[in-house]
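Please open the model in your viewer and keep the sequence panel beside it. The tour below goes from the whole chain to two places that can be selected in turn.

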Amino acid sequence: MLIEAYVATQTIDEGLDALHDIIDRFWDDAARIDRLPSDRWRHLFTMALAEVAANGLRHAYPPDAAERPLRVRLRLFPDRIEALLIDQGVPYQPIASAPHALDDETDIALLPEGGYGLFIARSALESLRYRRTRSGYNCWKLVKKI
């Protein structure tokens, strides 16, 4: 492992701000050791990470929950970047109608506004895995190869 970064947050606003800060510092550290992926690559990874984090902060907790704990760990390896996101919210339940692919026939103007975050994240990554621990934590692991 070349670089590791970690952040823990408690609220939606704090979580989204901290996520942007940690990813900025992470890319700065990668540049210092001459391991910074291309702009497009970083954009895809950052977008996937932001989608999964925002979903956890917005949907894993009841709407009136003031505290929404989220932990994020980023790791840079010579051949990939991994992100681990952990929250204490309700278990993730996949939506049966969630998209798996779009084709040239799809009229994007007719698509619903929500429900595409994980589809977008999966499209940008090599791997997106979810598991619920026995102790009640949601764990999301994102992997993007360099």
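**The whole chain**

Begin with everything selected: of the 146 residues of the protein chain in this predicted model, 40% count as buried. Colour by secondary structure next, and the protein chain shows 3 helices and 5 strands, which follow the pattern β-α-α-β-β-α-β-β when read along the sequence. If you display contacts with a separation of 6 or more, residues 24 or more positions apart account for 65% of them in the protein chain.

**The helix pair**

Now select residues 12–32, which are helix 1, together with residues 39–59, which are helix 2; the two pack at an angle of about 160 degrees, and their axes lie 10 Å apart. Because angles over 145 degrees count as roughly antiparallel, helix 1 and helix 2 are described as roughly antiparallel to each other. Helix 1 passes helix 2 in a right-handed crossing. To see the contact itself, show side chains on Ile12, Gly15, Leu16, Leu19, Ile23 and Trp27 of helix 1, and on the helix 2 residues that meet them, including Trp41, Phe45, Leu49, Ala53 and Arg58. By class, this contact of helix 1 with helix 2 has 12 nonpolar, 2 polar and 2 charged residues.

**The hairpin**

Move finally to residues 127–132, strand 4, and residues 138–145, strand 5, which pair in the antiparallel sense over 6 bridges. Pick leucine 128, and its bridge partner in strand 5 is leucine 142. Strand 4 and strand 5 form a hairpin with 5 residues between them, and in the turn you can select glycine 136, whose phi is positive at about 95 degrees.

Note on methods
Residues are numbered from 1 along each chain as its sequence is written. This is a predicted model: local features need pLDDT of at least 70, side-chain atom pairs count only at pLDDT 80 or more; totals for chains, interfaces and linings use all residues. Side-chain values use heavy atoms; hydrogens and water are left out. Axes are lines fitted to C-alpha atoms, for helices over the stretch in contact, and angles run from 0 to 180 degrees between N-to-C directions. Helices (H or I, at least four residues) and strands (E, at least two) are DSSP runs, numbered from the N terminus. Angles under 35 degrees count as roughly parallel, over 145 as roughly antiparallel, 65 to 115 as roughly perpendicular and the rest as oblique. A crossing is left-handed if the near helix is turned anticlockwise from the far one by less than a right angle, and right-handed if clockwise. Contact means heavy atoms within 4.5 Å. Ala, Val, Leu, Ile, Met, Phe, Trp, Tyr, Cys and Pro count as nonpolar, Asp, Glu, Lys and Arg as charged, and the others, Gly among them, as polar. Two strands pair if DSSP finds at least two bridges between them. Buried means under 20% relative accessible area, exposed over 50%, partly exposed in between (1.4 Å probe, protein chains only).
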